[in-house]
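Colleague: I've got this chain up on my screen and I'd like to talk it through before I go back to the bench. Can you walk me through it?

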Amino acid sequence: MALTIPEEEMEECKQLVQPAFAAICLTNDLFSWEKERDAAKEGGQPHVINAIWVLMRELCISEDEAKVVCRAKIKESVTEYLVTLRKTRTSHDLSPDLRTYVEAIQYSLSGNL
C-alpha cells in the first residue's frame, strides 16, 4: 500500500483504528473458541487465552452468555469504527495516508466476519 503516516499522527492513528482491531480480535476469539477450548482440554491446560474464557471468568457467566456478550462488543466496536471512518473521510485535519489507512482497515474487518 506504500503509506507513510507522519510520526505526529501515530497516536491518533492507533486511536482511530482501535475499535476495528478490537472487533477483529473478538471475532477471531468468538469463532475459534470451541477449537481452542477443546485443544486446551486435550492438552490438559486449565484455561484458554480467549475472550470467551475471560468473559466467563470475569463475569461469572456461562459459555453461551459469554458469546452473547462478545457478539455485542463486536457490534459495538464495528459501529464505533464506522463512525470514525465516516468522520475521517471528510477530515482535512488528517494526512491523506492516514485517511487511506483508516479506510483500508475496513477490508481487514470484513475479512474476519
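Colleague: What radius of gyration does the chain have, set against a compact globule of 113 residues?

Modeller: Keep in mind that this is a predicted model. A compact globule of 113 residues would come out near 13 Å. Along its principal axes, the C-alpha trace spans about 50 × 25 × 25 Å. The radius of gyration of the chain itself is 17 Å.

Colleague: And in what order do the elements of the chain run?

Modeller: The count is 4 helices and 0 strands. Reading from the N terminus, that gives α-α-α-α.

Colleague: Which helix gives the largest share of the largest nonpolar core?

Modeller: That core has 28 residues, and Ile52, Cys70, Ile74, Tyr81, Leu98 and Val102 have the most contacts inside it. Helix H1 (10-42), helix H2 (51-59), H3 and helix H4 (96-111) each put in at least two residues. The largest share is 10 residues, and it comes from H1.

Colleague: Leucine 98 is on that list of well-connected core residues. Which residues does leucine 98 touch, leaving out those up to four places away in sequence?

Modeller: Nonpolar side chains tend to be buried together in soluble globular proteins. The partners of leucine 98 include a glutamate, though, namely Glu9. The full set for leucine 98 is Ile5, Glu9, Cys13 and Leu16.

Colleague: Now alanine 66: is it buried or exposed?

Modeller: Alanine 66 sits in helix H3, which covers residues 63-90. Its relative accessibility is 0%, and the cut-off for buried is under 20%. So alanine 66 counts as buried.

Colleague: Which residues does alanine 66 touch, again not counting those up to four places away in sequence?

Modeller: Take methionine 56 to begin with: it is 10 residues from alanine 66 along the chain, and their C-alpha atoms are separated by 5.7 Å. Methionine 56 is also one of the residues that alanine 66 touches. The whole list is Ile52, Leu55, Met56 and Ile61.

Colleague: Back to the whole chain: what share of the contacts with a separation of 6 or more comes from residues 24 or more positions apart?

Modeller: For background, 38% of the 113 residues count as buried. Among the contacts you asked about, the share from residues 24 or more positions apart is 58%.

Colleague: Last one: how far apart are the mean positions of the positive and negative charges?

Modeller: The accessible surface is about 7,300 Å², with 55% of it belonging to carbon and sulfur atoms. As for charges, the chain has 13 positive and 19 negative ones. Their mean positions are separated by 6 Å.

Methods: Residues are numbered from 1 along each chain as its sequence is written. This is a predicted model: local features need pLDDT of at least 70, side-chain atom pairs count only at pLDDT 80 or more; totals for chains, interfaces and linings use all residues. Side-chain values use heavy atoms; hydrogens and water are left out. Buried means under 20% relative accessible area, exposed over 50%, partly exposed in between (1.4 Å probe, protein chains only). Contact means heavy atoms within 4.5 Å. The radius of gyration is taken over C-alpha atoms; the globule rule is 2.2 Å times the number of residues to the power 0.38. Accessible areas come from the Shrake-Rupley method with a 1.4 Å probe; for residues, only the protein chains shown count as cover. Lys and Arg count as positive and Asp and Glu as negative; His and the chain ends are not counted. The place of a charge is taken as NZ of Lys, CZ of Arg, CG of Asp or CD of Glu. A nonpolar core is a set of buried Ala, Val, Leu, Ile, Met, Phe, Trp, Tyr and Cys residues joined through side-chain atoms within 4.5 Å.
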